[in-house]
Amino acid sequence: MDASLKVLRDRQTGTAEFRRAAHTVCGQLMGDVRSRLQERGVGEHDVVIVIILRAGIAFLDAIADGFPNAPVGVLGLKRDEQKLEPHWYYENLPPISMEHAVVIVDPMLATGGSAEAAVERLQKRGADSKRIYFVGVVAAPEGLSRLAALIPRENIVLATVDDGLDEHGVIVPGVGDFGDRFFGYSSRAIIGSRYD
Ligand code: PRP
Ligand code: URA
C-alpha cells in the first residue's frame with residue numbers, strides 16, 4: 001500500500017502508472033471494507049455500492065473483484081473549485097433500504113462537502129446513516145471530521161489522512177487532482193454544464 005501511495009503522490013507519475021497504483025490501493029481498501037462487513041455479519045446480498053463520479057470509477061475493478069454480485073449506484077457530483085461546494089449532475093441508484101450496508105467510494109475526501117452531499121442524498125433514498133460506509137484513498141482531517149459527524153468513524157476506510165487543505169481546497173501533500181490524473185487529463189477539465 002505504502003509503495004503505491006508514494007507513486008500516487010509523485011506528481012511526475014504518468015497515467016498508466018497512476019492507474020496501476022490506484023488499482024492496487026483501491027483493491028486493498030475494498031478488501032478491508034469487505035472484511036469489516038463480514039466481521040459484522042453483513043452478507044454481499046445486503047450490500048449496495050455507490051460510486052461518486054468521476055474519480056470513484058477508479059474503484060470499479062476492485063468492486064467487481066470484492067463484491068461481484070452487489071448492485072452499484074452512481075452519484076454525479078462535481079466540486080465548484082471556487083466555492084468549494086459540490087454540484088449535482090446525475091443520480092442513478094438501485095433500491096436502498098434501512099437494512100442495506102451502503103458503501104460509498106470516492107478516492108478524495110477534502111472539505112468533505114461531496115461526501116456529506118452523498119450521505120444526505122442516500123439517507124433521503126432510504127439508507128440508515130449507521131449502515132453507510134465510506135472508502136477513500138486520501139483524506140484531509142477537515143473532511144474526515146465532517147464525515148465522521150454523519151456516519152460512524154469505524155465505517156470510514158482510508159489509505160491515509162494527510163496534513164490538511166491548501167487555500168484552493170487541495171489536500172496537502174495529497175496527490176493533486178485524482179480524477180484528472182486517473183483519466184489522463186494534462187490540463188484543466190472542461191466541465192460541460194458551464195458551457196452549455
Ligand atoms: C473530487 C473528489 C471528491 C471531491 C472531494 O472530485 O473525487 O468527489 O473532489 O472534494 P470535497 O471533499 O472538497 O468535496 P471532483 O468534484 O473534482 O470531480 P471529479 O471526480 O470529476 O474529478
Ligand atoms: N479533489 C482532488 O482530486 N484532490 C484534492 O486534493 C481535493 C479534491
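1. Let's start with a cut-off we'll need for the ligands: a polar contact is a pair of N or O atoms within 3.5 Å. Serine 114 gives us a case to try it on, since a polar side-chain atom of this residue lies 2.6 Å from an oxygen atom of ligand 1. Keep in mind as you read that this is a predicted model.

2. Staying with serine 114, look at where the residue sits. You'll find serine 114 in helix α4. Is serine 114 buried or exposed? Buried means under 20% relative accessible area, so serine 114, at 17% relative accessibility, counts as buried. Leaving aside residues up to four places away in sequence, serine 114 touches Ile52, Leu77 and Pro86.

3. Now for the rest of the surroundings of ligand 1. How many residues surround ligand 1? There are 16, and the closest are Arg79, Asp106, Thr111, Gly112 and Ser114. Two other side chains are worth a look here. In threonine 111, an N or O atom of the side chain is 2.6 Å from an oxygen atom of the ligand. In lysine 78, a side-chain N or O atom is 2.9 Å from an oxygen atom of ligand 1.

4. Ligand 2 has its own list of residues around it: Arg79, Met108, Ala110, Gly169, Val170, Ile171, Gly176, Asp177 and Phe178. Here, have a look at the backbone. A polar backbone atom of isoleucine 171 is 2.8 Å from an oxygen atom of ligand 2. For glycine 176, a polar backbone atom is 2.8 Å from a nitrogen atom of the ligand. Phenylalanine 178 has a backbone N or O atom that lies 2.9 Å from an oxygen atom of ligand 2. Arg79 turns up among the residues around ligand 2 and also among the closest to ligand 1.

5. On to strand β6, which is mostly covered: eight of its eight residues are buried. Which strands pair with β6? Strand β4 (residues 101-105) does, in the parallel sense and over four bridges, and isoleucine 104 has phenylalanine 134 of β6 as its bridge partner. β5 also pairs with β6 in the parallel sense, over two bridges, with leucine 109 standing opposite alanine 139 in β6. Then there's β7, which runs parallel to β6 and is joined to it by five bridges; valine 135 has valine 157 in β7 as its bridge partner.

6. Follow the chain through this region and you'll meet two crossovers. β5, α4 and β6 make a right-handed β-α-β unit. β6, α5 and β7 make a right-handed β-α-β unit too. So that you can place serine 114 again: its helix is α4.

7. Helix α5 (residues 141-148) is a nice one to rotate on screen. Which of its residues are buried? They are Gly143, Leu144 and Leu147. Seen down the axis of α5, these buried residues fall within an arc of 100°, so they line one face of the helix. If you wonder why spacing like that works, an α-helix has 3.6 residues a turn, so residues three or four places apart point the same way. What covers the buried residues of α5 includes β5 (108-109), α4 (113-124), β6 (132-139) and β7 (156-161).

8. Next, the hairpin. Strand β2 (residues 72-80) and strand β3 (residues 85-92) pair in the antiparallel sense over seven bridges, and valine 74 stands opposite asparagine 92 in β3. Four residues lie between the strands of this hairpin. Check leucine 84, which is in the loop between β2 and β3: it has a positive phi of about 55° although it is not a glycine. Leucine 84 is partly exposed, with a relative accessible area of 23%.

9. Two cis peptide bonds deserve a check in the viewer. Leucine 53 and arginine 54 are joined by a cis peptide bond, with omega about -5°, and arginine 54 is found in the loop between β1 and α3. The peptide bond from valine 172 to proline 173 is cis, with omega near 0°. Proline 173 lies in the loop between β9 (171-172) and α6 (178-182).

10. Finally, try alanine 58, in the loop between β1 (47-53) and α3 (60-66). Alanine 58 counts as buried, at 7% relative accessibility. Not counting residues up to four places away in sequence, alanine 58 touches Cys26, Phe178 and Phe182. Alanine 58 and histidine 23 are 35 residues apart along the chain, and their C-alpha atoms are separated by 6.9 Å.

Terms used:
Residues numbered from 1 in each chain as written. Chains lettered and ligands numbered in written order. Predicted model: local features only at pLDDT ≥ 70, side-chain atom pairs only at ≥ 80, totals over all residues. Heavy atoms only, no water. Buried < 20%, exposed > 50% of the residue type's maximum accessible area, 1.4 Å probe, protein only. Arc of directions from axis to C-beta. Contact = heavy atoms within 4.5 Å. Pairing = 2+ DSSP bridges. Right-handed = clockwise from strand over helix to strand, strands pointing away. Near = heavy atom within 4 Å. Polar contact = N/O pair within 3.5 Å; in protein donor to acceptor, adjacent residues only side chain to side chain.
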